[in-house]
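User: Please take a close look at one part of this model. A connected account will do.

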Amino acid sequence: MSVIYILLAISIVVALIFFAAFIFSVKRGQYDDSYTPSVRMLFEDELVKKATEKQNDLKQNKPIELNN
């Protein structure tokens, strides 16, 4: 019967560790934006192309076009 008390205490400690890890990750902002990471891989090529075009423009001393 004493084994049940030991297992109960261990399970409560493990549950508290996972709860603390969850609270820590929420405070660090891990769950703030759940949409962008799922679509980021779809737009990664465009960002690389724009970045390389800007770098090429800077190397050639061309004026940079502002989109905003």
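Which residue follows α1, and is its phi positive or negative?

Analyst: G29 follows α1, and its phi is positive, near 85 degrees. The model is predicted, so local features need pLDDT of at least 70 and side-chain atom pairs pLDDT 80 or more, while totals for chains, interfaces and linings use all residues. Residues are numbered from 1 along each chain as its sequence is written, and side-chain values use heavy atoms, without hydrogens and water.

The chain has 2 helices and 0 strands (DSSP runs numbered from the N terminus: H or I of at least four residues, E of at least two). Helix α1 covers residues 2–27. Its 26 residues should span 38 Å at 1.5 Å a residue (times one less than the number of residues), which agrees with the 38 Å between its end C-alpha atoms.

I10 lies in α1 and is partly exposed, at 47% relative accessibility (buried is under 20%, exposed over 50%, partly exposed in between; 1.4 Å probe, protein chains only). I10 also belongs to a nonpolar surface patch of about 590 Å², together with V3, I6, L7, V14 and F18. Patch residues have over 30% relative accessible area (Shrake-Rupley) and no salt bridge (Lys or Arg side-chain nitrogen within 4 Å of an Asp or Glu carboxyl oxygen); nonpolar side chains are joined within 5 Å, like charges within 9 Å.

There is 1 aromatic pair (Phe, Tyr or six-membered Trp ring centres within 6.5 Å; planes under 30 degrees stacked, over 60 edge-to-face, the rest tilted). The rings of F22 and Y31 have centres 6.1 Å apart and planes at 40 degrees, so the pair is tilted. F22 is partly exposed at 43%, whereas Y31 is exposed at 52%.

Note on methods
Accessible areas come from the Shrake-Rupley method with a 1.4 Å probe; for residues, only the protein chains shown count as cover.
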